[in-house]
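Here is a walk through a single chain, from the overall fold down to individual residues. Keep the structure open beside the text and follow along.

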Amino acid sequence: MKILAIETSAKSVSAAVVENGVPLASAYQNMGLTHSRTLLPMCQTMLDNCGHQLSQVDVIAVASGPGSFT
């Protein structure tokens, strides 16, 4: 099972790709509240680096806030 995990409830944004419990990639940026500009390119780059596409992800896990973006 492939999971794309996303954390956007703080000033920083982070994400990870995990397959069967094994982390394949992770990314973190602390550029202030720029999540709307940084999150999607960051996730796409991680997936590209792993050789996966979004359509291959089984689950998208997100933090439920509170925060300005969630």
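Let's start with Lys2, since the residue sits in strand S1, which covers residues 2–7. Setting aside neighbours up to four places away in sequence, Lys2 is in contact with Val18, Glu19, His52, Gln56, Val57, Asp58 and Val59. Is Lys2 buried or exposed? At a relative accessible area of 15%, Lys2 is buried, because the cut-off for that label is under 20%. One thing to keep in mind as you read on is that this is a predicted model.

Now zoom out to the whole chain. The secondary structure comes to one helix and four strands, and along the sequence these follow the pattern β-β-β-α-β. The radius of gyration is 12 Å, close to the 11 Å from the globule rule for 70 residues, so the chain is as compact as a globular protein of that length. If you prefer box dimensions, the C-alpha trace spans about 30 × 20 × 20 Å along its principal axes. Buried residues make up 31% of the 70 residues. The accessible surface comes to about 4400 Å², and carbon and sulfur atoms own 55% of that. As for how the chain folds back on itself, take the contacts with a separation of 6 or more: residues 24 or more positions apart account for 51% of them.

Next, the sheet. Its four strands form an open sheet in the order S3-S2-S1-S4, with mixed pairing. S3 and strand S4 (59–62) stand at the edges with a single partner strand each, so one side of each has no neighbour in the sheet. On average, neighbouring strands here are turned by 15° against each other, if you ignore direction. Helix H1, residues 35–50, packs on this sheet and touches S1, S2 and S3; the helix direction makes about 25° with that of S2.

It's worth going through the strand pairings one at a time. S1 and S2 run antiparallel and are joined by six bridges, and a hairpin of five residues connects them. If you want a spot to check on screen, look at Leu4, whose bridge partner in S2 is Val17. On to S2 and S3: these also run antiparallel, with seven bridges between them. Val13 stands opposite Gln29 in S3, and Ala15 stands opposite Ala27 in S3. Why call S2 largely enclosed by the rest of the structure? Five of its seven residues are buried, so the description fits.

The turn between S2 and S3 deserves a stop. These two strands form a hairpin with just two residues between them. One residue to pick out is Asn20, in the loop between S2 (13–19) and S3 (22–29). Asn20 has a positive phi of about 50° although it is not a glycine. As background, most residues other than glycine have a negative phi. In terms of accessibility, Asn20 counts as exposed at 59%, because the exposed label starts over 50%.

What about the interior? The largest nonpolar core has 13 residues, and those with the most contacts inside it are Leu4, Ile6, Ala15, Leu39, Met42, Cys43 and Met46. S1, S2, S3 and H1 each supply at least two residues of this core, and the largest share, five residues, comes from H1. As a general matter, nonpolar side chains in soluble globular proteins tend to be buried together. Which residues does Met46 touch, not counting those up to four places away in sequence? The list is Leu4, Ala15, Ala16, Val17, Ala25, Ser26 and Ala27. Two familiar pairs turn up there: Leu4 with its bridge partner Val17, and Ala15 with Ala27, which stands opposite in S3.

We'll finish in the loop between H1 and S4, where Gln53 is found. Gln53 counts as exposed, with a relative accessibility of 53%. For a distance to try in your viewer, go from the C-alpha atom of Gln53 to that of Val22: these residues are 31 apart along the chain, and the two atoms are separated by 17 Å.

Terms used. Residues are numbered from 1 along each chain as its sequence is written. This is a predicted model: local features need pLDDT of at least 70, side-chain atom pairs count only at pLDDT 80 or more; totals for chains, interfaces and linings use all residues. Side-chain values use heavy atoms; hydrogens and water are left out. Buried means under 20% relative accessible area, exposed over 50%, partly exposed in between (1.4 Å probe, protein chains only). Contact means heavy atoms within 4.5 Å. Two strands pair if DSSP finds at least two bridges between them. Axes are lines fitted to C-alpha atoms, for helices over the stretch in contact, and angles run from 0 to 180 degrees between N-to-C directions. The radius of gyration is taken over C-alpha atoms; the globule rule is 2.2 Å times the number of residues to the power 0.38. Accessible areas come from the Shrake-Rupley method with a 1.4 Å probe; for residues, only the protein chains shown count as cover. A nonpolar core is a set of buried Ala, Val, Leu, Ile, Met, Phe, Trp, Tyr and Cys residues joined through side-chain atoms within 4.5 Å.
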